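Please look at the sequence and the 3D structure shown below before reading on. The report that follows is about how helices pack against one another and about a pocket in the fold.

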Amino acid sequence: ALKGDDESLKKALKGAEDEETVDALFWVAHTWGMVIQADLDDLEAIATRSTVEILMGHVRSLRPDIEYGLPVIFFGASQAMQGAGLGGDLEAAKADFEEAMAMNDGSFLLATFLYGRYYCVATNDAQCFKQAMERVLEGDPDGLPERRLVNTLAQQWAKTWMEIADEQLF
């Protein structure tokens, strides 16, 4: 089904709702999405984006809170990265990020970092960007002890982005 058309994939996903299958679909979609993001010059990989979106959409419909809301964050980042000029929906992106940040009361710092990095940058809102990055920097990396590494990385990335914001973004 992954090699067929979008409709075939959607049909194949019907009934794929048990926890183990949803977990597997999440990790396939997440990893595949990261591969695409890692090389935005690879047009063949980018052409498979709809497959990733279908998989992640299926996961989101069943378990939006898996891995601290990463399916929701995925769609927020995707909409923001496209921007309005390429068919993205910035209001939907903002809503997605707000939903994801609320899931963990802001403890999953990666959600807030990506909100600043993608949504605030896409809207060219320097104040939004600064506030998001400051929330990440002031956040407790141990707020989710099992995600301390990701939270610490989000803080390091936020510091770097704050340092280059004036030169690169606004």
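What follows describes three helix pairs, then one residue, and then the largest pocket of this predicted model.

**Helix pairs**

Two packed helices are described by the angle between their axes and the distance between the axes. The table gives these values for three pairs.

| Helix pair | Angle between axes | Distance between axes |
|---|---|---|
| α1 and α4 | about 20° | 10 Å |
| α5 and α7 | roughly 15° | within 8 Å |
| α7 and α8 | roughly 165° | within 9 Å |

The first pair brings together helix α1, which covers residues 6–13, and helix α4, which covers residues 49–62. Angles under 35 degrees count as roughly parallel, and α1 and α4 are therefore roughly parallel to each other. Their crossing is right-handed, and the contact is formed by Asp6, Leu9, Lys10 and Leu13 on the α1 side and by Ser50, Thr51, Ile54, Leu55 and His58 on the α4 side. The residues of this contact between α1 and α4 are of mixed character, with four nonpolar, three polar and two charged.

The second pair joins α5 and α7, which are, by the angle between their axes, therefore also described as roughly parallel to each other. In this case α5 passes α7 in a left-handed crossing. From α5, the residues Leu70, Ile73, Ala77, Ala80 and Met81 meet Leu110, Ala111, Leu114, Tyr118, Tyr119 and Ala122 of α7. What kinds of residue make up the contact of α5 with α7? The contact of α5 with α7 consists of 11 nonpolar residues, with no polar and no charged ones.

The third pair again involves α7, now with helix α8, which covers residues 126–138. Angles over 145 degrees count as roughly antiparallel, and α7 and α8 are therefore roughly antiparallel to each other. The crossing of α7 past α8 is left-handed. On the α7 side the contact includes Leu109, Phe113, Gly116 and Arg117, while on the α8 side the residues are Cys128, Phe129, Ala132, Met133, Arg135 and Val136. The residues where α7 and α8 touch divide into 11 nonpolar, two polar and two charged.

**A residue of α5**

Gln79 has its place in helix α5. Although Gln79 and Tyr119 are 40 residues apart along the chain, their C-alpha atoms are separated by 8.5 Å. When its neighbours within four places in sequence are left aside, Gln79 is in contact with Gly87, Gly88, Asp89, Leu90 and Ala93.

**The largest pocket**

The volume of the largest pocket is about 940 Å³. Of the 32 residues that line the largest pocket, those closest to its centre are Gly33, Met34, Gln37, Ala77 and Met81. Two of these names, Ala77 and Met81, have already appeared among the residues of α5 that meet α7. Which elements give two or more residues to the lining of the largest pocket? They are α2 (19–38), α4, α5 (70–82), α7 (109–122) and α9 (148–168), and α5 gives the most, with seven residues. By character, the residues of the lining divide into 23 nonpolar, five polar and four charged.

Note on methods
Residues are numbered from 1 along each chain as its sequence is written. This is a predicted model: local features need pLDDT of at least 70, side-chain atom pairs count only at pLDDT 80 or more; totals for chains, interfaces and linings use all residues. Side-chain values use heavy atoms; hydrogens and water are left out. Axes are lines fitted to C-alpha atoms, for helices over the stretch in contact, and angles run from 0 to 180 degrees between N-to-C directions. Helices (H or I, at least four residues) and strands (E, at least two) are DSSP runs, numbered from the N terminus. Angles under 35 degrees count as roughly parallel, over 145 as roughly antiparallel, 65 to 115 as roughly perpendicular and the rest as oblique. A crossing is left-handed if the near helix is turned anticlockwise from the far one by less than a right angle, and right-handed if clockwise. Contact means heavy atoms within 4.5 Å. Ala, Val, Leu, Ile, Met, Phe, Trp, Tyr, Cys and Pro count as nonpolar, Asp, Glu, Lys and Arg as charged, and the others, Gly among them, as polar. On a 1 Å grid over the protein atoms alone, a cavity is a set of points where a 1.4 Å probe fits but cannot get out, and a pocket is an open set with protein on both sides within 12 Å along at least five of seven lines; lining residues have an atom within 4 Å of a point. Grid points are joined across faces, edges and corners, and a volume is the space filled by probe spheres set on the points.
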